[in-house]
2 protein chains.
Amino acid sequence: MLSIGVLAKRAATNVQTIRFYELQGLMPSPSRSDGGQRRYTLVHADRLAFIRHARELGFPLPAIRELLHLADKPDQPCAQVDRVASDVLADVDAKIVRLESLRGELQRMVRQCRRGRVADCRIIHVLKDHTHSSCLSTEHNQDQIVSKPVR
Amino acid sequence: MLSIGVLAKRAATNVQTIRFYELQGLMPSPSRSDGGQRRYTLVHADRLAFIRHARELGFPLPAIRELLHLADKPDQPCAQVDRVASDVLADVDAKIVRLESLRGELQRMVRQCRRGRVADCRIIHVLKDHTHSSCLSTEHNQDQIVSKPVR
DNA sequence: ATAATTGCTATAGTTACTATAGCTTCAAGG
DNA sequence: CCTTGAAGCTATAGTAACTATAGCAATTAT
């Protein structure tokens, strides 16, 4: 029987995340100690590893929920599994395309900076100039670009 | 004088976003009509265009706040502007690297899927097998990969 | 037995918005 | 002048996937 802390260490997850997965129905509610603390088995550890691995590969939680569901039905055809994974792949591809376009623009901007005064700064100029602003606006594509959280 | 709706259309933004930027201190509070509705000038329109363009390029709001601040001091050297832009570029670069690594893994998984039963599915196998799970875990790099919101 | 650590629940914060509810104001037509 | 429908107002909650905190209870080590 594993405490939540031990399980968390094994999966390189943190404790709150495991409780969060339980709330979201991704991890089953484990049994409890007499005092009410969660006690896990190796089955739980496997399931958590599956979830974490899928997360690292960019699967969103609803997709993982679906995969876990499918994994429990070994005799079904795996077309659905393939579709879920392919969707994630398509998503990742789209993100790469967009980011590479951003990178191009940014590199151009930064390269043109002559380190003078703000008044002459190409970066500020480009941002101010809304005639340029069409260069990237791919209609309905407004992805959020977030700085990564440092854990 | 522009109403918030007209301003929004010009900047291809939506109305709530403009009010949100005002709350965040990115847009100055405009004057109001007798009935209390916001009335904007072309100065506001320029500022909003600047913000939107920077957002499209992946600048987070705090960075945009800094740029707006710097843009108001034309005689300062632009080194700080350059640094902000370079940071965003570095961030975009890091995201691309990570996503390309994800893409590789996903492609391998999807290619190996033989469309059989779930029990034999390579995708499920790879996800279940935690000996593979080290392949991507780049220590403290745990970026969130989110599906883009459809507007 | 006691102290340090870990666990518990519930709640709020993160990013950059988006969406709703319930109300008020505005602009155009008759 | 009056009505009507669209647009605007504030305040609040929701999104994704966690992370962090507060205030308390259980467990473990000494």
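Helices here are DSSP runs of at least four residues, numbered from the N terminus. With that in hand, let's walk through this predicted model, starting at the DNA and ending where the two protein chains meet.

**Around DNA strand D**

Which helix gives the largest share of the surface near DNA strand D? That is α2(A), with 3 residues. Helix α2 of chain A covers residues 15–23, and chain B joins in with its α1 (4–11) and α2 (15–23); each of these supplies at least two residues of that surface. So much for the helices; now for single residues. Of the 25 residues around the strand, Ser33(A), Gly35(A) and Pro60(A) are among those that come nearest, along with Gly5(B) and Arg38(B) from the other chain.

**How the two chains are related**

In general, two copies of a chain are related by a rotation about an axis and a shift along it. Here, a turn of 180 degrees with a shift of 0.0 Å along the axis lays chain A on chain B, with an RMSD of 0.1 Å. That is the relation of a two-fold axis. If you want to find the axis by eye, look for Ile96(A): its C-alpha is the nearest to the axis in chain A, at 3.0 Å.

**Where the chains touch**

How many residues are in contact between the chains? On the chain A side there are 62, and they meet 61 residues of chain B. Four helices of chain A, namely α3 (42–56), α4 (61–71), α5 (79–112) and α6 (122–128), each put at least two residues into this side. The largest share belongs to α5(A), which brings 21 residues. The copies meet through the same surface, because 98% of the interface residues of chain A are also interface residues in chain B.

**The α5 pair**

Now zoom in on α5(A) and its partner, helix α5 (residues 79–112) of chain B. Their axes come within 8 Å and cross at roughly 155 degrees. Angles over 145 degrees count as roughly antiparallel, so that is how α5(A) runs relative to α5(B). The crossing of α5(A) past α5(B) is left-handed.

**Residue classes side by side**

Here is the make-up of the three surfaces met above.

| Surface | Nonpolar | Polar | Charged |
|---|---|---|---|
| Near DNA strand D | 7 residues | 13 residues | 5 residues |
| Side of chain A that touches chain B | 33 residues | 12 residues | 17 residues |
| Contact of α5(A) with α5(B) | 20 residues | 4 residues | 10 residues |

Notes: Residues numbered from 1 in each chain as written. Chains lettered and ligands numbered in written order. Predicted model: local features only at pLDDT ≥ 70, side-chain atom pairs only at ≥ 80, totals over all residues. Near = placed C-beta within 6 Å. Nonpolar A, V, L, I, M, F, W, Y, C, P; charged D, E, K, R; others polar. Least-squares fit on C-alpha atoms with pLDDT ≥ 70 in both. Contact = placed C-beta atoms within 7 Å. Axes fitted to C-alpha atoms, helices over the stretch in contact; angles between N-to-C directions. Parallel < 35°, antiparallel > 145°, perpendicular 65-115°, else oblique. Left-handed = near helix turned anticlockwise from the far one by under 90°.
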